[in-house]
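Open your viewer, get the selection box ready and follow along. Each stop tells you what to select and what you will find there.

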Amino acid sequence: MKFSPQEIDRFRAETPGTAQRNHLNNAGAALPPNCVTDAVIEYLQTEAVVGGYELKAQRATAIEGFYEATADLLHTKARNIAYTSSATDSFARVLGSIPFQKGDVIITTDDDYVSNQLAFLSLQNRFGIRLLRCPVLPSGGFDPEAMTQMILKERPKLVAITHVPTNSGLIQDVESIGAVCRQEGIWYLVDACQSVGQMDVDVNKIGCDFLSATGRKFLRGPRGTGFLYASDRALNSKLEPLFFDLRGATWEAQDAYTVAESAKKYEYWELPYALLIGFSEALQYISRIGINRIHQRVQMLHEYTRSKLLEVPNLRMMDRGSQLCSIVTCHIDGQKPEHIQKFLFQNGINTSYTNIGSAIIDFERKQIDWVLRISPHYYNTVTEIDQCVEVLKQL
């Protein structure tokens, strides 16, 4: 069911930033609703009076609510969720738990997130693993059939795919690979940093062993928040983090420890509880609205954005893929990205741009060295998109 005009007005009233800015940078960091900001501030103010340990004990039920809310979002159980500081933090904790040896293979895609690619290259340099990238389809995104054949031939230790790359509106077919990884006993890691919050992400349909995400983007949580999903298969295996502390394991004897049975084995004892509580509020806010309704609204907005941008002189759309999402990328010939972003900002519009260093393979294929990134969310309006397009025409 579509949102009514009254509902959109309510979302915007609950998001005070919309009265100040035309915020089309939700793939960077979305504007949080009041309930998120209020929850963080209230917790910090109370903590300053009551005490850190004491307030944590008092709010134990609310803190555990974070795990329930995240599990509901992903269609899983609370024991499968760990709190982290970011998607990259989650990703690194998974990589640190896999016992790579020289000659082991990681298969990924050309459209993987830059920080993930850097981590793979670091593993390649340090441990001598082999990094392979799957061929792409003519329409964009990795080729599932080619990926399957690579998995069967190369027997990788890990398959890692970014659901939605930060430099493009491409949605990769992550659901096509889960079954073969599970059948062959291969670990499967999905970066859902840019997909959770704008579409339904079901870990059961994906069939992944691990999934990482951040709070600040389409989930509208505070910066410095994220989560990690670990499947029952992963939790029941012998995988354990390279480093953990007394939250992730119990010191049983002088030279023995027992690892936690839930995904909390990937957490550290010290957590920013004010941010966690704020993140939990963001997740509950989305739950009350409904992720499928959000997806319907977001889909309308990004399709409208793409159609309107074609009116801008010398502008080329840069998104490729059979399925696209609310990260709209374009290139304007003869312009510098920092100039465009500054010009838009001076006119009250928030956007971002991505340079080639974040997407070398994709940008070299497209023969560009930057893209402007416009990323509307469900609280944005058609009028705001029209305004952005009219300002771009003035360039």
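## Cysteines

Select C181 and C208: the sulfur of C181 is 9.9 Å from that of C208, the closest cysteine sulfur, which is too far for a bond. A disulfide here means a pair of cysteine sulfur atoms within 2.5 Å, and the structure holds 0 of them. Next pick C388, which is in no disulfide; the nearest cysteine sulfur belongs to C330 and is 8.1 Å away. C181 is buried, with a relative accessible area of 1%, and C388 is buried too, at 2%. (Buried means under 20% relative accessible area, exposed over 50% and partly exposed in between, with a 1.4 Å probe and protein chains only.)

Before moving on, please note that this is a predicted model, in which local features need pLDDT of at least 70 and side-chain atom pairs count only at pLDDT 80 or more, while totals for chains, interfaces and linings use all residues. Residues are numbered from 1 along each chain as its sequence is written, and side-chain values use heavy atoms, with hydrogens and water left out.

## The open sheet

Now show the strands. Helices (H or I, at least four residues) and strands (E, at least two) are DSSP runs numbered from the N terminus, and two strands pair if DSSP finds at least two bridges between them. In which order do the 7 strands of the open sheet run? The order is β2-β8-β7-β6-β5-β3-β4, with mixed pairing. Select 81-84 and 130-134 to see the edge strands, β2 and β4, each of which pairs on one side only. Neighbouring strands of this sheet are turned by 20 degrees against each other on average, direction ignored. (Axes are lines fitted to C-alpha atoms, for helices over the stretch in contact, and angles run from 0 to 180 degrees between N-to-C directions.)

Go to 105-109 and 158-162 next: these are β3 and β5, which run parallel and are joined by 2 bridges. Here I106 stands opposite L158. From β5, step across to β6, to which β5 pairs in the parallel sense over 5 bridges; T162 has D191 of β6 as its bridge partner.

Stay on β6 (187-191). Is this strand enclosed or open to the outside? All 5 of its 5 residues are buried, so β6 is largely enclosed by the rest of the structure. W187, L189 and D191 point one way, whereas Y188 and V190 point the other way.

## Helices on the sheet

Add residues 60-74, helix α4, which lies across β2, β7 (210-214) and β8 (226-230) and runs at about 115 degrees to β2. Then add α5 (87-97), which packs on the sheet and touches β2, β5, β6, β7 and β8; its direction makes about 155 degrees with that of β7.

To look at β2 from within, centre on I81, which lies in that strand. I81 is buried, with a relative accessible area of 0%. Contact means heavy atoms within 4.5 Å; leaving aside neighbours within four places in sequence, the contacts of I81 include F66, Y67, T70, F227 and A263.

## Helix α2

Select 34-50. At 1.5 Å a residue, the 17 residues of α2 should span 24 Å, and the end C-alpha atoms are 24 Å apart, which agrees. (The expected span is 1.5 Å times one less than the number of residues.) Colour V36, A39, V40, Y43 and T46, the buried residues of α2. Seen down the axis, they fall within an arc of 140 degrees, so they line one face of the helix; the arc is that of the directions from the helix axis to the C-beta atoms. Among what covers them are α3 (52-58), α4 and α11 (273-289). On the face turned away you will find the exposed residues Q45, A48 and V49. After α2 comes G51, with a positive phi near 115 degrees.

## Two last stops

Pick G128, in the loop between α6 (114-127) and β4. G128 is partly exposed, with a relative accessible area of 27%.

Finish at β14 (352-355): S352 and T354 point to one face and are buried, while Y353 and N355 point to the other and are not. β14 pairs with β15 (370-374) in the antiparallel sense over 4 bridges, and T354 stands opposite V371.
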